[in-house]
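User: I'm new to reading protein structures and would like a close look at one part. Could you pick a buried spot and take me through what surrounds it?

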Amino acid sequence: MSQPINLAAALPTPRMIVEHLDRSVVGQDRAKRTLAVAVANHYVRLFDALDRESATPTVTDASLQQVVIEKSNVLLIGPSGSGKTHLARALAESLDVPFAVADATTLTEAGYVGEDVESILHKLLVAAGMDVQAAQRGIVYIDEVDKLGGGRVHGAKDMRLGVQHALLKMIEGTVANVPPSGSHKQLTCEPCIPFDTTNVLFVCGGAFVGLEEIVARRLGRRAFGFDQAGSAVGDESANPLRQVLPEDVEGFGLIPELIGRLPVIATLEALGVDDLVRILREPRNSLIGQYQKLLKYRQADLGFTEGAIRAIAETAHERGTGARGLRAIVERVLEPVLYDPELWVSYRVTEESVRGGGGEVF
């Protein structure tokens, strides 16, 4: 006789998921909580499918036993470099499930040059070591989904609209045929692998540049952070993206059917200088820690002054590249050292070396 499923022991709570995310992702507390709740509910849904088939179900209420919990895919909205991909990757690590990243701008309708939407599932299969059962419980992050919207050209076929329609069934849940090599289905004679996407969690992300203006207009504000009378609004409503609704996203050209399959919307804040300083040194895989380890393998030590760390963060913030721009700045500063490191030397990065004012790493 099968035993009832112990959800408390088998599944982490949203709080536990957030605690794991905190070790890898700095800030974005609102997005972390929204994601954690959605993911925890998704995996309760997986257990529910098993529970309904069990001889001794955990849910004994007869009126609830046949209730099917629907999938809650997620839409992440935030500026470039705010950590959308990193957050989705850390989420997959916290649950120890296969994870794949796809770029929506490379996808095309079947029969056209580019990647079929099934290529997304092939990436998930590869991440799972071609284990179909494991892959069917994984997480897929589709980046740049906002680029599937936009205006249409009169008299021309809109390829992006075709991609949106192709994604609909996959995100909702269907049995897709995935070529083992990941090539176009039309160009291969290989027998395809049946892949059920019903239990795959899809997280779609995009910058949605200009979306805050659409939300602000709906809320009756003239400008960011001010109401019609010109007075400043409170912190909770200062960022219009916090109050985004599906109809606002539809203004970008995403079809309502696709938006409806992404019922959970999480918004990320633009990163400030203090956030970038924390990103440089606090996460488990902090950027500073990575370069310190690189030089340790060359028998050299590396240190950063407080001024240097602040200067790196301020430079990235001024460029508007967010966390993504931090590595490029550190690489530029450390290039002479990384090119020809001396053994048993302690290098020190100063503010002058970061700002290019004649200072060198010494």
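### A close look at the inside

Analyst: Let's begin with Cys 204, which counts as buried because its relative accessibility is 1%, and the cut-off for buried is under 20%. Keep in mind that this is a predicted model. Cys 192, in contrast, counts as partly exposed, at 29% relative accessibility. You may wonder about bonds between cysteines: a disulfide is a covalent bond between the sulfur atoms of two cysteines. The count of disulfides here comes to zero.

Now for the setting. The chain has 17 helices and nine strands, and buried residues make up 44% of its 362 residues. Among contacts between residues at least 6 apart in sequence, 70% join residues at least 24 apart.

Next, find the open sheet of five strands, which follow the order E2-E3-E6-E1-E7 with parallel pairing. Strand E2 (99-103) and strand E7 (264-267) stand at its edges with a single partner strand each, so one side of each has no neighbour in the sheet. On average, neighbouring strands here are turned by 20° against each other, ignoring direction. Look at the E7 edge: strand E1 (residues 74-77) pairs with E7 in the parallel sense over four bridges. In this pairing, Val 74 stands opposite Val 264 in E7.

Helices lie against this sheet. Helix H3 (residues 29-53) lies across E1, strand E3 (139-143), strand E6 (201-206) and E7, and runs at about 155° to E7. Helix H6 (residues 118-127) also packs on the sheet, where it touches E2, E3 and E6, and its direction makes about 150° with that of E2.

Stay with H3 for a moment, since Asp 48 is found in this helix. Asp 48 is buried, with a relative accessible area of 12%. Leaving out residues up to four places away in sequence, Asp 48 touches Val 67, Val 68 and Ile 69. In the loop between helix H2 (14-22) and H3 you will find Gln 28. Gln 28 is also buried, at 9% relative accessible area. The backbone of Gln 28 deserves a glance too: its phi is near 55°, a positive value in a residue other than glycine. As background, most residues other than glycine have a negative phi. Trp 344 has a positive phi as well, of about 60°, yet Trp 344 is exposed, with a relative accessible area of 72%.

Now look at how nonpolar residues gather. In soluble globular proteins, nonpolar side chains tend to be buried together. In this model, the largest nonpolar core has 43 residues, and Leu 167 and Phe 208 touch the most other members. Helix H8 (residues 159-172) gives the most to this core, with six residues. A second, separate core holds 31 residues, including Val 18, Ala 36, Val 97 and Leu 201.

Let's zoom in on Phe 208, which counts as buried at 1% relative accessibility. Setting aside neighbours within four places in sequence, Phe 208 is in contact with Leu 75, Ile 77, Val 145, Asp 146, Val 249, Phe 252 and Leu 254. One of these contacts, Phe 252, is itself buried, with a relative accessible area of 17%. The count of aromatic pairs comes to one. The ring centres of Phe 208 and Phe 252 are 5.2 Å apart and the ring planes stand at 75°, so this pair is edge-to-face; the angle must be over 60 degrees for that label. The pair links distant parts of the chain, 44 residues apart: Phe 208 is in the loop between E6 and helix H9 (211-218), while Phe 252 is in the loop between helix H11 (246-250) and helix H12 (256-260).

To finish, here is a small strand pair to trace yourself. Strand E4 (residues 175-178) shows an alternating pattern: Ala 176 and Val 178 point to one face and are buried, whereas Val 175 and Asn 177 point to the other face and are not. E4 pairs with strand E5 (residues 193-196) in the antiparallel sense, over four bridges. The bridge partner of Ala 176 in E5 is Phe 195.

Methods
Residues are numbered from 1 along each chain as its sequence is written. This is a predicted model: local features need pLDDT of at least 70, side-chain atom pairs count only at pLDDT 80 or more; totals for chains, interfaces and linings use all residues. Side-chain values use heavy atoms; hydrogens and water are left out. Two strands pair if DSSP finds at least two bridges between them. Helices (H or I, at least four residues) and strands (E, at least two) are DSSP runs, numbered from the N terminus. Axes are lines fitted to C-alpha atoms, for helices over the stretch in contact, and angles run from 0 to 180 degrees between N-to-C directions. Contact means heavy atoms within 4.5 Å. Buried means under 20% relative accessible area, exposed over 50%, partly exposed in between (1.4 Å probe, protein chains only). A nonpolar core is a set of buried Ala, Val, Leu, Ile, Met, Phe, Trp, Tyr and Cys residues joined through side-chain atoms within 4.5 Å. Rings of Phe, Tyr and Trp (its six-membered ring) pair if their centres lie within 6.5 Å; planes under 30 degrees apart count as stacked, over 60 as edge-to-face and the rest as tilted. A disulfide is a pair of cysteine sulfur atoms within 2.5 Å.
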